[in-house]
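Please walk me through this structure, taking the aromatic rings, the charged side chains and a few single residues in turn. I am new to it, so plain wording is best.

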Amino acid sequence: MTARFVDIHVLQSVPPSCVNRDDTGSPKTAVYGGVRRARVSSQAWKRAARAEFASHLDRSELGVRTKRALELVTDEMARLAPEMREDERLERATKVLEAAKLKPKPAKVKKGEEALEARLAETEYLIFFSRAQITRLAELAIESDKPSAKEALAAASAENGIEVALFGRMVADSKMLTVDAAVQVAHAISTHAAEIESDYFTAVDDQRADDVQGADMIGVVDFTSATLYRYATINMGLLGENLGDEGAAVRAAQAFVRAFCLSMPTGKQNTFGNRTVPDAVVVTLRDDQPVNAVGAFEAPVAARGHGLVSTSAERLADHLKSMNTMLDAPVANFITVASPAADALAIGSAPQRLPEVIDALGQALGSGA
């Protein structure tokens with residue numbers, strides 16, 4: 001395919017919220033262009049995108065990041081070979097993971113639950129598995145009570161699945177199990193200077209006497225509001241390599257674009273009800289290199305009496321156009337605009353609905369555009 005990279009640029013306004021907190025409970029921030037900005041970490045939005053996959057992908061396509069691989073493998077063995085004794089399943093599954101250099105260590109359990117210790121043994125660190133890889137490991141454990149390292153590593157590295165292929169997998173003890181991520185996600189930052197505010201709240205015990213005065217609980221919740229610039233890019237060549245099939249890579253790219261655009265980290269969501277959709281999305285196909293357009297907001301945007309989305313959209317549109325003076329023009333642009341204030345981003349082609357953008361992206365990638 002000619003388009004080597006898929007860049008996703010998103011403008012999204014979020015009302016008072018605390019979707020991603022630091023160690024003190026305050027919304028995360030960053031200094032950019034000499035001013036403090038609201039920030040949502042890439043890890044938070046990648047986790048949200050993975051959660052969004054569950055709404056439109058089959059469970060067999062979903063992966064799992066866990067330390068409890070032994071439990072998953074033994075559960076799959078119970079499904080595939082219910083006649084096998086539980087102690088034998090545990091022993092064989094343990095040997096398979098050890099052969100793959102993923103030796104499970106005894107879990108810490110509560111007193112009286114020692115029987116669970118073997119079953120709940122954990123690997124040293126979190127590891128990303130596709131469902132197919134868990135099944136392959138279980139099948140190998142059923143077939144052999146002394147699997148070789150070659151067999152175990154082959155089972156744990158076969159059929160990466162969409163999530164492992166997109167987000168990668170780092171295993172320090174095994175280069176064979178390491179998968180380079182095909183997706184890069186930037187930390188989202190506000191296009192403008194942002195302040196952290198505090199909500200002082202009280203609560204009253206419903207059961208107390210009517211003549212008792214004062215609050216029964218007092219607390220403070222920090223929050224901010226922002227128009228965010230969000231960016232991610234997909235390396236289509238690496239995605240195809242990770243999945244072993246270009247058609248699967250196209251479908252994975254479509255799934256990621258949808259999930260990235262529609263997901264939202266869930267921090268303090270019940271407190272603030274802050275779920276919004278993007279004001280605008282620009283999906284750009286490039287054959288030279290991925291380009292983060294955050295430079296459009298190095299000078300912070302000012303509201304100018306009519307909000308921040310309009311000026312942010314103008315800035316982003318101008319920046320995307322100006323990049324063509326240094327780099328090759330994009331192979332294609334696909335645009336969806338939900339807010340009239342973001343109409344400035346209707347550059348090069350008429351805006352479409354997000355499902356139409358995703359369909360057009362798939363057609364362009366599939367045709368080798």
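In this predicted model, the count of aromatic pairs comes to 5. A pair of aromatic rings is described by the distance of the centres and the angle of the planes. One of the pairs is formed by Phe167 and Phe256, whose ring centres lie 6.1 Å apart and whose planes are at 70° to each other, an edge-to-face arrangement. Because planes over 60 degrees apart count as edge-to-face, the angle of 70° puts Phe167 and Phe256 in that class. This pair links distant parts of the chain: Phe167 belongs to helix H6, which covers residues 161–167, while Phe256 belongs to helix H8, which covers residues 246–262. The two are 89 residues apart. Phe167 and Phe256 are both buried.

Phe256 also pairs with Phe260, and here the rings are stacked, with 5.6 Å from centre to centre and 15° between the planes. Planes under 30 degrees apart count as stacked, and the angle for Phe256 and Phe260 is 15°. Unlike the partners in the pair that links distant parts of the chain, Phe256 and Phe260 both sit in helix H8, 4 residues apart, which is about one turn of the helix. Phe260 is buried, as is Phe256. Which residues make up the aromatic cluster that includes Phe256? Its members are Phe53, Phe167, Phe256 and Phe260.

The ring of Phe260 has a charged group over it as well: the charged end of Arg230 sits there, 4.3 Å from the ring centre. The charged end of Arg230 also sits over the ring of Trp45, at 3.8 Å from the centre of that ring. Arg230 is thus placed over two rings, those of Trp45 and Phe260.

The next topic is charge against charge. Side chains of opposite charge can pair when their charged atoms come close. How many salt bridges does the structure hold? The number is 10. One of them joins Arg258 to Glu52, with 3.5 Å between the closest N and O atoms. Arg258 lies in helix H8 and Glu52 in helix H1 (residues 42–53), so this salt bridge ties together parts of the chain that are 206 residues apart in sequence. Arg258 is partly exposed, its relative accessible area being 27%. Glu52 counts as buried because its relative accessibility is 15%, and the limit for buried is under 20%. Glu52 and Arg258 are further linked with Arg275 in a network of salt bridges. Helix H8 therefore appears in both topics, holding Phe256 and Phe260 as well as Arg258.

Another salt bridge is made by the side chains of Arg92 and Glu88, at 3.1 Å from N to O. These two lie within helix H3 (residues 86–99), and because they are 4 residues apart there, about one helical turn separates them. With a relative accessibility of 14%, Arg92 counts as buried, whereas Glu88, at 22%, counts as partly exposed. The side chains of Asp87 and Arg85 also meet in a salt bridge, again with 3.1 Å from N to O. Is Arg85 buried or exposed? Arg85 is exposed, because its relative accessible area is 51% and the limit for exposed is over 50%. Its partner Asp87 has a relative accessibility of 45% and so counts as partly exposed.

A few single residues complete the tour. Thr74 is part of helix H2, which spans residues 69–80. It is buried, with a relative accessible area of 3%. A polar atom of the Thr74 side chain lies 2.9 Å from the backbone oxygen of Leu70.

At the surface, Tyr200, Ile218 and Val220 make a nonpolar patch of about 340 Å². Of these residues, Ile218 is found in strand E9, which runs over residues 217–235. Ile218 counts as exposed because its relative accessibility is 55%.

Ala350 is in the loop between strand E11 (332–337) and helix H11 (354–366). At 58% relative accessibility, Ala350 is also counted as exposed. Along the chain Ala350 is 16 residues from Phe334, and the C-alpha atoms of the two are separated by 8.4 Å.

Definitions and conventions
Residues are numbered from 1 along each chain as its sequence is written. This is a predicted model: local features need pLDDT of at least 70, side-chain atom pairs count only at pLDDT 80 or more; totals for chains, interfaces and linings use all residues. Side-chain values use heavy atoms; hydrogens and water are left out. Patches are made of residues with over 30% relative accessible area and no salt bridge: like charges are joined within 9 Å, nonpolar side chains (Val, Leu, Ile, Met, Phe, Trp, Tyr) within 5 Å. Accessible areas come from the Shrake-Rupley method with a 1.4 Å probe; for residues, only the protein chains shown count as cover. A salt bridge is a side-chain nitrogen of Lys or Arg within 4 Å of a carboxyl oxygen of Asp or Glu. Buried means under 20% relative accessible area, exposed over 50%, partly exposed in between (1.4 Å probe, protein chains only). Rings of Phe, Tyr and Trp (its six-membered ring) pair if their centres lie within 6.5 Å; planes under 30 degrees apart count as stacked, over 60 as edge-to-face and the rest as tilted. A charge sits over a ring if NZ of Lys or CZ of Arg is within 6 Å of the ring centre and within 35 degrees of the ring normal. A polar contact is a pair of N or O atoms within 3.5 Å; within protein, one must be able to donate a hydrogen and the other to accept it, and residues adjacent in sequence count only if both atoms are side-chain atoms.
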